[in-house]
Every structure is written in C-alpha cells, then in structure tokens.
Amino acid sequence: MLKKLFGKKKSSNKQINTEKELLDNIDRSRLPRHVAIIMDGNGRWASGKGMVRSAGHASGVKTLKTILRAAVDLKIEAFTVYAFSTENWKRPTAEVDFLMKLFADSLARELDEMDELGIRIKFIGRLDGFSPYLQEQFDNACRRTADNTGVRFNVAVNYGGQDEMVRVAQALAEDVKAGKTLPEDITADMIESHLDTSGMPPVDLVIRTSGDMRLSNFLIWQTAYAELWFTDTNWPDFTKAEFFEALVDFSKRDRRFGGLSKKK
Ligand code: IPE
Ligand code: IPE
Ligand code: MG
C-alpha cells in the first residue's frame with residue numbers, strides 16, 4: 001500500500017517537474033507584483049564542494065542573472081534581491097572585499113544587457129557606507145536605466161529593514177521640525193513615501209534559499225503581508241524551474257489580509 005502510494009506520488013511529481021510544464025502551470029493573472037529574494041547559501045554551496053566561500057558568491061551572480069531574466073520574461077513588476085545586509089560587515093575583511101569587487105565587476109559587465117532588457121535598476125540601503133567609486137557605479141546604473149519601463153530591479157546593499165525604519169523616522173522628524181507636518185498627522189502612507197521602495201507595490205512573495213526560515217532584517221515594512229516560500233536549495237543551485245514552482249505555489253495561496261476568504 002505504502003509502496004503503491006509512494007510510487008504514485010513519485011510519478012506525479014515527475015509529471016510536473018520540468019521547467020516548461022511548471023511555466024505552463026503559472027496562472028499569469030495571479031502572479032506576484034513584487035518578488036523579493038533572500039539569496040542565501042553561497043558559502044554553504046562552496047564549502048560543500050571544497051571551494052572557498054567567494055566561489056559561491058561568484059556562482060550566485062550567475063543564478064541571479066538567470067532568475068532576473070525569468071522575472072523579465074514574466075513581466076514581474078518589481079524584483080528585489082538581498083545582496084548585502086547591514087550585518088554582513090561582520091564577515092572577514094577578505095570576504096567583504098571580494099563582495100565589493102564582485103558588485104562592481106558584475107554591474108560593469110551586465111549593465112548594457114540589463115538596460116537593453118528595459119530593466120530599471122535601483123540600489124537600496126545605506127549607500128553612503130560604500131566607497132565613492134562603488135557609489136558612483138550604483139548611481140550611474142540608476143541614472144542610466146531611470147527611464148526604462150520594464151522590471152524594477154532593486155538590489156539591497158548595506159540594507160537592513162531596521163536601518164531603513166531609522167532613516168524613515170529621521171526624515172519624518174525633519175519634516176516635523178521644519179513645520180511641514182505634526183506628529184499626530186503622520187500616516188502609514190507618509191512612512192511609505194520615505195521607504196527605499198517608495199512608489200512600488202508591497203512585497204507579495206519572499207523566497208529564501210538554503211533552508212533557514214527567517215527574514216534576517218529584510219524589508220520588514222514591505223513584507224507585512226507577504227507570502228513566504230522557503231527551499232533547502234543553496235542559491236547557486238537555484239533554478240528557473242524552482243522559481244516557477246514558487247510562483248505556482250503562490251498563485252494557489254489564499255491571501256485574506258485579515259479579512260475572510262473570497263474562495264467560499
Ligand atoms: C548569501 O550567502 C550571500 C551573502 C550574505 C552576501 P551566504 O554568504 O550567507 O552563504 P551561507 O549562508 O554562509 O551559506
Ligand atoms: C541574509 O543572509 C543576507 C543576504 C542574503 C545578503 P545572511 O546569511 O546574512 O543571514 P543570517 O546571518 O543567516 O541570518
Ligand atoms: Mg547566509
């Protein structure tokens with residue numbers, strides 16, 4: 001009996017497992033408007049192969065290119081990835097230095113193609129924490145793609161959700177000090193207008209790779225009602241097929257936003 005059931009499950013899994021079949025299974029009318037990805041597990045991927053952690057980060061850039069391309073093809077409105085957190089400075093200097101160089105090199109290499117694909121790039125986070133050279137690179141990419149109308153691609157660097165809230169609080173306090181508003185008049189919309197992601201839809205779907213089930217200080221305001229999707233796959237091994245699997249799963253979720261199900 002068990003064997004029979006197991007056999008059945010195995011064959012039905014196989015049936016829907018190919019990339020194309022998963023893609024066909026995506027209900028385009030129920031796609032997330034904003035997908036956010038915590039690209040985790042680069043180090044574990046590299047260690048598992050007896051390589052240095054940096055090799056995992058380099059390989060992770062290739063995965064990002066593939067998944068970003070899929071987001072473009074699906075016309076996802078906003079796509080935000082966590083590339084470096086405010087806490088990641090705690091890592092060894094050599095790893096941090098490697099990441100900084102990887103950001104600069106990858107951006108220089110990929111910018112033309114991203115621009116051609118109509119991608120609008122934005123770097124979110126406390127950008128003044130980076131070298132003037134990198135800040136200039138980030139700024140140049142944003143300016144160059146500002147008039148594009150395709151996917152809004154946000155790269156979170158030196159980003160922390162709590163740090164973003166601190167920056168929002170400081171901006172609002174400045175507004176109060178300047179007499180532009182009163183504390184009692186502060187609204188959720190005003191907070192939204194000061195976010196790094198201001199003007200973009202809230203996050204609908206968070207994907208985190210590599211098995212840990214936490215947000216690690218990512219987009220804490222924007223994910224208030226996000227659906228969460230986790231996989232054990234390390235980021236460098238994450239595929240388009242798995243991305244589509246997350247989207248199919250998302251399309252089946254019953255999002256009630258505190259109300260009652262519309263399904264019944
Ligand atoms: C995510 O992979 C990338 C960054 C945080 C920059 P990790 O480097 O955290 O990989 P693990 O979690 O140690 O495997
Ligand atoms: C989150 O991953 C940050 C990025 C993916 C850039 P971490 O590896 O830094 O998160 P923790 O330390 O496991 O929570
Ligand atoms: Mg990690």
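Which helix supplies the largest share of the shell around ligand 1? In this predicted model, that share comes from helix 3, which contributes three residues. Helix 3 spans residues 42-48, and two further helices, helix 4 (53-73) and helix 5 (93-116), likewise supply at least two residues each to the shell around ligand 1.

The shell around ligand 1 holds 13 residues, of which Asp40, Gly43, Arg44, Arg53 and Arg91 come nearest. Sorted by class, three residues of this shell are nonpolar, five are polar and five are charged. Several polar contacts to oxygen atoms of ligand 1 were computed. The side chain of aspartate 40 places a polar atom 2.8 Å from an oxygen atom of ligand 1. For arginine 91, a polar side-chain atom lies 2.6 Å from an oxygen atom of this ligand. Arginine 44 makes its approach through the backbone, with an N or O atom 2.7 Å from an oxygen atom of ligand 1. Taken on its own, ligand 1 has 380 Å² of accessible area, and the protein covers 87% of it.

Ligand 2 is surrounded by Ile38, Met39, Asp40, Tyr82, Ala83, Phe84, Asn88, Arg91, Arg208, Arg214 and Ser216. By class, the shell around ligand 2 comprises five nonpolar, two polar and four charged residues. Aspartate 40, listed among the nearest residues of ligand 1, also has a side-chain N or O atom 3.2 Å from an oxygen atom of ligand 2. Arginine 91 likewise appears in both settings: its side chain has a polar atom 2.6 Å from an oxygen atom of ligand 1 and a polar atom 3.2 Å from an oxygen atom of ligand 2. A further contact to ligand 2 involves serine 216, whose side chain has an N or O atom 2.6 Å from an oxygen atom of the ligand. The protein covers 78% of the 390 Å² of accessible area that ligand 2 has on its own.

The space taken by ligand 1 is the largest pocket, and the space taken by ligand 2 is also the largest pocket. This pocket contains about 970 Å³ of space. Its lining consists of 45 residues, and those nearest the centre are Met39, Asn42, Tyr82, Ala83 and Phe84. Met39, Tyr82, Ala83 and Phe84 also belong to the residues around ligand 2. Helix 4 gives the largest share of the lining of the largest pocket, with nine residues. Helix 3, helix 4 and helix 5 each supply at least two residues of this lining, as do strand 3 (120-124) and strand 4 (152-156). In terms of class, the lining of the largest pocket has 23 nonpolar, ten polar and twelve charged residues.

The second largest pocket has a volume of about 290 Å³. Twelve residues line the second largest pocket, and the closest to its centre are Arg30, Arg253, Arg255, Phe257 and Lys262. Of the residues in the lining of the second largest pocket, three are nonpolar, three polar and six charged.

Definitions and conventions: Residues numbered from 1 in each chain as written. Chains lettered and ligands numbered in written order. Predicted model: local features only at pLDDT ≥ 70, side-chain atom pairs only at ≥ 80, totals over all residues. Heavy atoms only, no water. Near = heavy atom within 4 Å. Polar contact = N/O pair within 3.5 Å; in protein donor to acceptor, adjacent residues only side chain to side chain. Areas by Shrake-Rupley, 256 points an atom, 1.4 Å probe, with all protein chains shown as cover. 1 Å grid on protein atoms, 1.4 Å probe; cavity = no way out; pocket = protein on both sides within 12 Å on 5 of 7 lines; lining within 4 Å. Sits in = over half its atoms within 2 Å of the grid points. Nonpolar A, V, L, I, M, F, W, Y, C, P; charged D, E, K, R; others polar. Helix = DSSP H or I, 4+ residues; strand = E, 2+ residues; numbered from the N terminus. Points joined across faces, edges and corners; volume = space filled by probe spheres on them.
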